[in-house]
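These are my notebook entries on one structure. I wrote down each thing I looked up, in the order I looked it up.

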Amino acid sequence: MSLLHDMVEKLEERTMHSGCEDGVVVLRPEHDPPACRYPAGTRLVASFGGRSGEIVTDSVVTVTTKVSYMFGAPLETPVQRAAACAITNAVCAFFCFTRISGACSPEAHASCLSSLKQDLDGSGVFLIGTMPALMQELSDQITDSPASADILLVGGDGLTSDEGVEMIDEYHGRKRMIFLGPSASGITALLNLEHWCPSGI
């Protein structure tokens, strides 16, 4: 069982008998901004009950499904994991489990990065997921492996790739792990994980 399975189980538990498990979710890729500045990829947006949630990933899909699709699902592929994250983010926004369903405006990017650097306080970090902006901005703090890092930063496809999921599960509870952006709004709200998205909307 991975942290993503825990996320889905918690969502199922918190929405049980609400009737929402049969609710229709529309998943589609969105290529227009705004998107979180940190992860690379395309916004996969899930729409549910008039609310939306998203994850930035390379594993996109266009499909109409039900919330219950992911209950008990093995989540074996990046596409399945990305869909589960996007759906969870949308349902959490619908139930107001999280206030964040989308990225901040570009005007907030500089202050977000500045505050993140301040919070990291020069610690050694390892990036779980493809995040070119942070590779550049934190170049002098990035370590060669998660084992040698003080803090793990998780973004976008770090939640969906085989390698990312394996690292998250290996180091969860062993190292400080910060989940970045709207992509992680649902999993962090449901599992009480550390989330960084100070200006998300």
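**Entry 1. Leu4**

Leaving aside its neighbours within four places in sequence, with which residues is Leu4 in contact? I noted, before answering, that the model is predicted. I found contacts from Leu4 to Leu75, Arg81, Cys85, Leu159, Val165 and Ile187, once neighbours within four places in sequence are set aside. I placed Leu4 in helix α1, which covers residues 3–15. I then looked up its relative accessible area, which is 4%. Buried means under 20%, so Leu4 counts as buried. I also checked Leu4 against Cys112: they are 108 residues apart in sequence, and their C-alpha atoms are 26 Å apart in space.

**Entry 2. Leu75**

Leu75 was on the contact list of Leu4, and I looked at Leu75 next. Leu75 sits in the loop between β4 (63–66) and α2. Is Leu75 buried or exposed? Its relative accessibility is 4%, so I wrote it down as buried. I also noted the backbone: Leu75 is not a glycine, yet its phi is positive, at about 50°.

**Entry 3. Asn192**

I looked up another residue with a positive phi. Asn192 has a phi of about 55° and is not a glycine either. I found Asn192 in the loop between α6 and β8, where β8 is 195–196. Exposed means over 50% relative accessible area; Asn192 has 72%, so it counts as exposed.

**Entry 4. The whole chain**

I stepped back to the chain. How many helices and strands are there in the chain? I counted six helices and eight strands. In sequence order the pattern reads α-β-β-β-β-α-α-β-α-β-α-β-α-β. The radius of gyration is 16 Å, and the globule rule gives 17 Å for 201 residues; the two are close, so the chain is as compact as a globular protein of that length. I noted the box that the C-alpha atoms fill along the principal axes: roughly 50 × 35 × 25 Å.

I then looked up burial and contacts. Buried residues are 52% of the 201 residues in the chain. I took the contacts between residues at least 6 apart in sequence and found that 65% of them join residues at least 24 apart. The area the chain exposes is about 8,900 Å², and 48% of it comes from carbon and sulfur atoms. For charge, I wrote down 13 positive and 25 negative side chains, with the centres of the two sets 6 Å apart.

**Entry 5. Aromatic rings**

How many aromatic pairs does the structure hold? I found three. One of them is Phe48 with Phe94: the ring centres are 5.1 Å apart, the planes meet at 75°, and the pair is edge-to-face. The two residues are 46 apart in sequence, and the pair links distant parts of the chain. Phe48 is in strand β2 (residues 42–48) and Phe94 is in helix α2 (residues 78–94).

I looked up a pair between Phe94 and Phe95 as well. Their ring centres are 5.2 Å apart and their planes are at 90°; edge-to-face needs over 60 degrees, so I listed this pair as edge-to-face. Phe48, Phe94, Phe95 and Phe97 form one aromatic cluster.

I compared three of these residues by accessibility. Phe48 has 5% relative accessibility and counts as buried. Phe94 has 33% and counts as partly exposed. Phe95 has 25% and also counts as partly exposed.

**Entry 6. Ser185**

Where is Ser185 found? I found Ser185 in helix α6, residues 185–191. Its relative accessibility is 1%, so it counts as buried. Not counting residues up to four places away in sequence, Ser185 touches Asn89, Thr98, Ile100 and His195.

**Entry 7. Ser199**

My last look-up was Ser199, in the segment after β8. Its relative accessible area is 29%, which makes it partly exposed. With neighbours within four places in sequence left aside, Ser199 is in contact with Cys104 and Ala108. I also looked up Ser199 and Ile87, which are 112 residues apart in sequence; from C-alpha to C-alpha they are 21 Å apart in space.

Note on methods. Residues numbered from 1 in each chain as written. Predicted model: local features only at pLDDT ≥ 70, side-chain atom pairs only at ≥ 80, totals over all residues. Heavy atoms only, no water. Helix = DSSP H or I, 4+ residues; strand = E, 2+ residues; numbered from the N terminus. Rg over C-alpha atoms; globule rule 2.2 N^0.38 Å. Buried < 20%, exposed > 50% of the residue type's maximum accessible area, 1.4 Å probe, protein only. Contact = heavy atoms within 4.5 Å. Areas by Shrake-Rupley, 256 points an atom, 1.4 Å probe, with all protein chains shown as cover. Lys, Arg positive; Asp, Glu negative; His and termini not counted. Charge placed at Lys NZ, Arg CZ, Asp CG, Glu CD. Phe/Tyr/Trp six-rings, centres within 6.5 Å; stacked < 30°, edge-to-face > 60°.
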